[in-house]
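Q: I am new to this structure and would like a close look at a single part of it. Which residues surround one bound molecule, and how do they meet it?

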Amino acid sequence: MGITGRRNQEIYDVVGIGFGPSNLSLAIALDEHGASAPQHPVKAHFFERQPSFGWHRNMVLPSTTMQISFMKDLATFRNPMSRFTFISYLHASNRLVQFVNNQDFFPTRKEFHQYLEWAAAGLADRVTYGAEVTSIRPAAGSGDLSPDLLEVEVRGADGTTSVVTARNVAISTGLVPRLPEGVTADERVWHSSQFLGRFNAQSPDDLKSVAVVGAGQSAAEITRFLHDSLPHAQVRAIVPSYGYSVADDTPFANQVFDPTAVDDYYFGTDRGRDAFWRYHRNTNYSVVDADVIRDLYQRAYAEEVSGVKRLHFSNLTRVAEVRRAGSATQVVLRSLLDDRTEELSVDALVFATGYDGMDPARLLGDFDRHFQRDAAGRHRVERDYRLVPASDLTCGVYLQGGTEHSHGLSSSLLSNIAVRSGEIADSIMLRRTERELERDRPVEAAPPAA
Ligand code: FDA
Ligand code: NAP
């Protein structure tokens with residue numbers, strides 16, 4: 001479907017906003033629902049602002065690997081028979097045998113990206129690329145107090161705007177890059193989400209001194225990449241902790257990403273939810289895979305041995321200020337040890353300072369007040385990932401992401417997307433069936449007047 005027309009008359013069962021892995025997985029779940037009920041297919045369409053499918057392209061660094069098993073793909077945990085599993089992709093690519101010989105649960109990010117592109121290509125008729133959704137609102141005339149239809153406004157790559165109508169939307173617009181307060185990105189100051197694009201736009205000869213801020217997986221991978229790619233450069237890691245900490249992916253801790261952990265989190269007490277975070281934040285945030293930590297330490301040690309040092313670590317250090325003038329960048333570092341500051345001059349500064357969770361409010365605008373928030377001001381979300389309406393809305397706004405507070409740690413990750421998408425698809429279908437039963441219920445004759 002193109003988006004050239006002003007208004008598309010069709011009413012979709014669901015419109016998906018964003019076509020990253022989460023909504024791609026939803027498209028598959030809906031497709032498989034449709035296959036089991038071909039007389040009554042689901043009308044779904046997805047809008048993606050990128051010109052083609054892309055999954056964190058600026059971080060597909062050489063030799064980086066996935067942080068989940070290949071079986072936590074778009075479909076397997078929901079339907080191992082799906083034609084969109086990673087194994088089906090390997091089979092279609094004539095690599096299944098070699099993959100097994102390789103004996104590795106964790107594919108490279110490059111291979112997983114190819115898998116996702118392959119799956120997206122299989123559903124190309126359901127997505128419009130180069131199409132950014134700019135707002136979601138109740139459809140005019142669909143009932144002011146209990147609207148049953150939504151209007152989704154979409155801006156095409158050429159700037160034209162169109163509107164589509166849907167009974168449900170699934171918002172999956174992804175993580176939002178976070179820079180420290182007062183820092184602005186430009187051609188020499190980058191967030192990790194921009195990394196490869198920005199790096200490739202520079203001549204390596206102009207990068208003689210570079211620094212990377214942060215102690216998470218992105219920071220460690222970029223530090224290693226810069227050390228490899230700029231053999232003439234000084235590379236400094238600005239590490240807020242005393243040294244990188246390991247990402248706990250041992251089996252018991254890894255259970256926090258199991259589909260059943262969602263129920264435990266969702267239906268648990270506040271104390272229980274708090275315990276998830278207290279004990280298991282180190283499965284994901286501000287932590288690094290052990291092999292990357294060892295690799296970086298071995299490099300530093302080899303430089304100690306050779307006496308030629310160009311990989312440096314500023315531990316217990318945060319960035320206090322960044323000053324920019326032309327191609328010069330001065331960064332003021334503050335040591336957490338003694339509060340002393342130090343100035344560093346660099347040719348490029350990379351902030352691998354993480355992301356904020358998805359917030360649907362930006363797209364909902366004024367419509368957001370139709371949805372309930374908890375005492376902490378966060379959206380209330382049903383177990384089936386539907387925003388809890390403040391009135392009896394019959395249309396549905398589903399979230400894929402932005403639900404860490406309600407559904408737990410896997411909210412922004414791939415671990416649970418197959419199961420979550422199945423749950424959302426089931427919910428959409430169930431509500432459609434209930435609506436149809438309601439509509440078809442015979443009107444009871446009024447009792448005769450006495
Ligand atoms: P994702 O961000 O992938 O997709 C959102 C899409 O929506 C984007 O394509 C964006 O362009 C589009 N979009 C945004 N706004 C829009 C709008 N208004 N209109 C239309 N389109 C819009 N997790 C994990 O479990 N294992 C892993 O190995 C990794 N690896 C990893 C590497 C890196 C570098 C990062 C930054 C993150 C990870 N993650 C991860 C976590 C990551 O969140 C996860 O892999 C997925 O990207 C989540 O998929 P989503 O589809 O939810 O978001
Ligand atoms: P992250 O884990 O949130 O780490 C951000 C880091 O930046 C933290 O160490 C944080 O320190 C630090 N920081 C923030 N502000 C700072 C400041 N002013 N000065 C110094 N340090 C500062 O972010 P991430 O590494 O981008 O990871 C995000 C997600 O992407 C995770 O899920 C991760 O697993 C995933 N990822 C996966 C891969 C892969 O699959 N290979 C690669 C990269 C990322 P504090 O802890 O003190 O705030």
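A: What follows is a close look at the surroundings of ligand 2.

This is a predicted model, in which local features need pLDDT of at least 70 and side-chain atom pairs count only at pLDDT 80 or more, while totals for chains, interfaces and linings use all residues. Residues are numbered from 1 along each chain as its sequence is written, chains are lettered from A and ligands numbered from 1 in the order in which they are written, and side-chain values use heavy atoms, with hydrogens and water left out.

The shell around ligand 2 holds 22 residues, of which Q67, S218, E221, N284 and S286 come nearest; a residue is near a molecule if one of its heavy atoms lies within 4 Å of it. Sorted by class, this shell has nine nonpolar, 10 polar and three charged residues, where Ala, Val, Leu, Ile, Met, Phe, Trp, Tyr, Cys and Pro count as nonpolar, Asp, Glu, Lys and Arg as charged, and the others, Gly among them, as polar.

Several polar contacts can be followed atom by atom, a polar contact being a pair of N or O atoms within 3.5 Å. An oxygen atom of ligand 2 has a polar side-chain atom of S218 at 2.6 Å, and a side-chain N or O atom of R318 lies 3.0 Å from an oxygen atom of the ligand. At V319 the backbone takes part, with one of its polar atoms 3.5 Å from a nitrogen atom of ligand 2. On its own ligand 2 exposes 920 Å², and the protein buries 82% of that area, by the Shrake-Rupley method with a 1.4 Å probe.

Two or more residues of the shell come from each of the elements α6 (217-229) and β12 (317-325), and α6 gives the most, with three residues; here helices (H or I, at least four residues) and strands (E, at least two) are DSSP runs, numbered from the N terminus.

The shell also draws on two domains, whose bounds come from an automatic or database domain assignment. Domain 1 (11-175 + 357-440) and domain 2 (178-247 + 284-355) both give residues to it, so ligand 2 lies between them.

One residue also leads on to the other ligand: Q67, among the nearest residues to ligand 2, is likewise among those that come nearest to ligand 1, together with S22, E48, S412 and L414.

Methods: Polar contact = N/O pair within 3.5 Å; in protein donor to acceptor, adjacent residues only side chain to side chain.
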